Amino acid sequence: MPSRLFARPGRRIVTVAMLAAGLIAGAGSVWASKSDNTVRFAYDQAPESVDPYFNNVRIGVIIGANVWDTLVYRDSITNEYKGNLAKSWKQIDERTIEFDLREGVKFHNGEEFDADSVVYTLNFVADPANKVTTQANVNWIEKAVKVSKYKVRVITKKVFPAAIEYLAGPVVMHPAKYYAEVGPKGMNAKPVGTGPFKVTQYTPGKSIRLERNADYFKDSPKGTPKIAKLEIRFIPDRQTQMAEALAGGTDFIMHVPKDQAEQAAKVPHLQVVSGETMRIVFMQFDTLEATPTAALKDIRVRKAISHAINREAIVKNIVGAGSRVLNTQCFPSQFGCTDEGAPRYAYDPALAKKLLAEAGYANGFDTELYAYRERNQTEAMINDLKAVGIRAKLNFSQYAAMRDAVRSNKAPMTHQTWGSFSVNDVSASTPVYFTFEADDVTHDAAVRDMLLKGNNSVDPAVRKQAYQQALKHIADNAYSLPLWSLPVYYVASKELSFSAYPDEMVRFWEMSWK
Amino acid sequence: MAALAQPAGSPLQLIPTRSVWQRIWRNKAVVVGGGLLLLMVLVALLAPWLSPHDPYAQDLAQRTVPPVWYSAGSWLHPLGTDPLGRDYLSRLLFGARISLLIGVSVAIISGLIGTTMGMLAGYFGGKADLVVSFLVTTRLSMPVILVALATVALIGGSLWVVILVLGLLKWDRFAVVMRSATQQVRSLDYVAAAQSAGASTTRILLGEVLPNVLPHLIVVATLEAASAILLEAALSFLGLGVQPPLPSWGLMISEAKAYMFFSFWLIAIPGSALAVLIFAINLAGDGLRDLLAPEGRA
Amino acid sequence: MHIYMLKRLGLAVLVALAVSMIAFGLLRLSGDPAIAIAGEGATQADIVLVRQTYGFDRPLPVQYAEWLGRTLRGDLGESIYFKTPAAPLILSKLQTTLVLGLLSLAFALVISVPLGVLAALYRNSWIDRLCLGLAVIGQALPNFFFALLLIMLFSIVLHWLPVSGSDSWQHFIMPTVALGYYAAPAFMRLIRAGMIEVLDADYIRTARAKGLPASTVIFKHALRNAVVPVVALTAVQLGYLLGGSVVVETIFALDGLGYLAYQSITFKDFPVMQSIVLLLSVIYVVLTLASDVANAWLDPRIRVA
């Protein structure tokens, strides 16, 4: 039996010696990557389509930013908006923005970029009949209108202050002639954009090969890429990815669990970079009339739960470097996000038990906690709940299954995460759960109205105030328990130079070999 | 299927006589395998008394402590702790209960279903055989994951769901083996004698056929028990097995997989325990089969 | 013989139908496909739109009947997840899985035949137990653990083999061992048992008495008889290997049919999943049919009508 070989004292020496031997050999392959200026990236999930409008996985977003461009670019350090495919823009009226487009930009297939590209792309994706995967990214667009060859107007359906944010993020520009000819299927088979990298080979589900776009326009805020080639492979198992990193078969992996990342940092030829992301974690309570756990309708019970979880300890020990405890259900850098005036629920199990007793649950109660990722965090929370008498059974499943349960009122408590599609505006986070849409299991009309006011006002001061009131109201009523932000860990070859950003966007155009 | 035919006319003795005990002792496989199994059952039963800690008690300040034979280990946690700070030795001992329970329950459930179907098919032939053939082939063409996923989605994952799913899926080998074994026994003298004496079908099946196909049944049962215990680990790997914090060995192995390259002992300990259990079951099963076979092979 | 084959064929068709019906029902029961397709962040309106577009709001038997009709006409539909036609998608992944399955089967036989023969020849001795022990190694550990151990040894430490992927024949070595070793004990026991039974039989004694060399006896007579049940088991095991390669394909990133099946189940991709289930059950049934025919040819005694 293989494992028996290790069941002796001095086993550690064997393990370390083995790893050391392997690592010395592994370092050799790394230098192979560096010598032909290639970066090999492994990711776990293959996108269903490479066209950014027809997938909703992180890798799709990453490929989208490397192969395509948007009209506007948000500098992730200063958070200011710069022109990308557009040189400048101005608000004409409360629903219209006019863009002056950059001249001399070409798509990877030689087609010229101009107002036609913008008009065709936006009108195509805004049409629900074309079934863009994430409607929320495009359904605010009413239409795009060509004014002249390099001037275009974008008209929104309602007042939509976050329009620029979306035009700097998921809304990329496709070539009008090519897209009209081949459609999303053709775009998936042979992707064409204006971006710093172009696709040279794509085997769906297996790998994508990219190479540097030699004709990338010099004025792009992204800069010129230094890496010549990029090889993305889809490796579903996290341990296999780590094995590849250890054996030198891959140069860059992300979403590495904290414990493994910390261990990988000790490996000589690897480096670990971690950063906070915009992904927030929170516990949502079903407080509707038909909730499976009636106890949750009582505000004292919800406050008890809030006091029962030791968020600081979990963040410190389990979640990882860069994460922080949150007090409102939004990410602090998002426009409108604040925890001003919101109560802080300190870790106090004695107070929790007292509140439960007051509400009539001196002996606790039974309930279920649904989750779909970060299971170790869920288990730690269940343990904390058990300590105050709340017996929560873990229901761990796929994301779709959990959503199903939420929408059919079967999930009393859920351990959820939300990335807001990296959109830096509260309109992309809190309202999802509190404006009477399908994921709202609270149905508080006052909160809804405050949030909608924030969504639909033009004056930033009015927006901020409305959001602050809504967030405070939610926290006062403990409709949900904001938990923490999630960090992401990247493990890469030591020779690779790169930075981590909170939007989880991997900027291959900035990377280089040392 | 080539089977271990018994010489005609020698029904099995079910109550062991002295000479039988002697034969058992001389069969090293049964002794070693059975002994190991017995030891594991004992450990499983005595788990609450043998465990130094509560297997569910988390201690976030004592996460992933290595076992005592590492420099960072201590006798407080002889086998170390898991990533949530739970004592590994305690989890291992309680996990024995779960793994054994799964093996035995699945073997019983699938054994009952499969043996019934197999015996009926083998004894009656004709339409019964066709129906059972159809059911077996259908079952073998069904992807197990799909059934597991659907069941878990419907009822949620738990120990009993795993046992149910595996029990309802693993009867195929019982059916096939029992069928061919019954076919061979059907033509033996004393069965014909019982038939002409006017005995009812049930009596014949239970009284004459069953004792003679018992060796095959036991062999298949041991193999299916071992296979069920392993399948539980595979289901946990896919996220469809028992739910944490239950310390089943399969789940422990699946959870420890993430730490395999850096804290190898986390996966090696339950992995070794599982391997020993599987070996013991296989050894005992093979030994038993040789034991229950007729004289020519002992 | 012809009636026998017709009966088996009829059975095969019934099985394929039954399996596809059960699979269809199970997948529906396991969750709302509209939510899976609409994805994270979809509003209720999005989901309703998806439901209408794909026809999920119609009664289940109607959906199944419509799928069956289209499939019989050769239209396997389009993958809901990948948005490409299902048939080419499945065919492109089938090759990898088929190669893996056949190689694993060959590996299992390569291990189990010598071990089984040795065990039979030296039955009840320590050689017998050793052979069994060697065969059972592949089944003593959960297959993902075994696979990762192989990776640890041969890729990270020894650096002899690549970790994952399917670009070269070296990429298939570890997956073959991981998958094939699991099937070995069953074959080994069968061969051992069959050989023991045959070696005791009269006509073998006659052959030995006639002075035929031992190797002729073993290979020409005994093994040929012992092979009969092995052929039947091969069909079962190949079915298992094809369907059960999910774990191995996931770990080694082989992008084959097993992994596609797992993805299609996860994403509730009905057209793909139904087609895979149908394909696998057809392959399995054909193999069983073939092995029955082979058995009947090898041993005329076995013609269970």
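Among contacts in chain C between residues at least 6 apart in sequence, what percentage join residues at least 24 apart? The share is 72%, where two residues are in contact if their C-beta atoms, placed from the backbone, lie within 7 Å.

## Basis of the model

This is a predicted model, in which local features need pLDDT of at least 70 and side-chain atom pairs count only at pLDDT 80 or more, while totals for chains, interfaces and linings use all residues. Residues are numbered from 1 along each chain as its sequence is written, and chains are lettered from A and ligands numbered from 1 in the order in which they are written.

## Confidence in chain A

The pLDDT, which is the predictor's confidence in each residue from 0 to 100, has a mean of 89 in chain A, with 94% of the residues reaching 70 or more. Among the elements of chain A, helix α8 (residues 299-308) has the highest mean pLDDT, 96, and helix α1 (residues 11-35) the lowest, 53.

Residues 1-15 of chain A stay under 50 in pLDDT, and the model has 19 contacts beyond four places in sequence for them. The pLDDT is also below 50 over residues 24-28 of chain A, a stretch with 8 contacts in the model beyond near neighbours in sequence.

## The sheet of chain A

Helices (H or I, at least four residues) and strands (E, at least two) are DSSP runs numbered from the N terminus, and two strands pair if DSSP finds at least two bridges between them. In chain A, an open sheet of 10 strands with mixed pairing has the order β8-β9-β10-β1-β11-β16-β12-β15-β13-β14. Its edge strands are β8 (197-203) and β14 (390-396) of chain A, each of which pairs on one side only.

Within chain A, strand β9 (residues 207-212) and strand β10 (residues 229-234) pair in the antiparallel sense over 5 bridges, and A:S207 has A:R233 in β10(A) as its bridge partner.

## Contact between chains A and B

In the model, 29 residues of chain A are in contact with 25 residues of chain B. On the chain A side, the elements giving two or more residues are α1, α6 (238-247), α7 (258-264), α9 (311-319), α11 (375-387) and β14; helix α1 is thus named here as well as being the element of chain A with the lowest mean pLDDT.

By class, this side of chain A has 14 nonpolar, 9 polar and 6 charged residues, with Ala, Val, Leu, Ile, Met, Phe, Trp, Tyr, Cys and Pro counted as nonpolar, Asp, Glu, Lys and Arg as charged, and the others, Gly among them, as polar.

## Chain C

The secondary structure of chain C comes to 13 helices and 0 strands. Of the 305 residues of chain C, 53% count as buried, that is, with 20 or more other C-beta atoms, placed from the backbone, within 10 Å of their own.

How values were computed
Buried ≥ 20, exposed ≤ 12 C-beta atoms within 10 Å, placed from the backbone.
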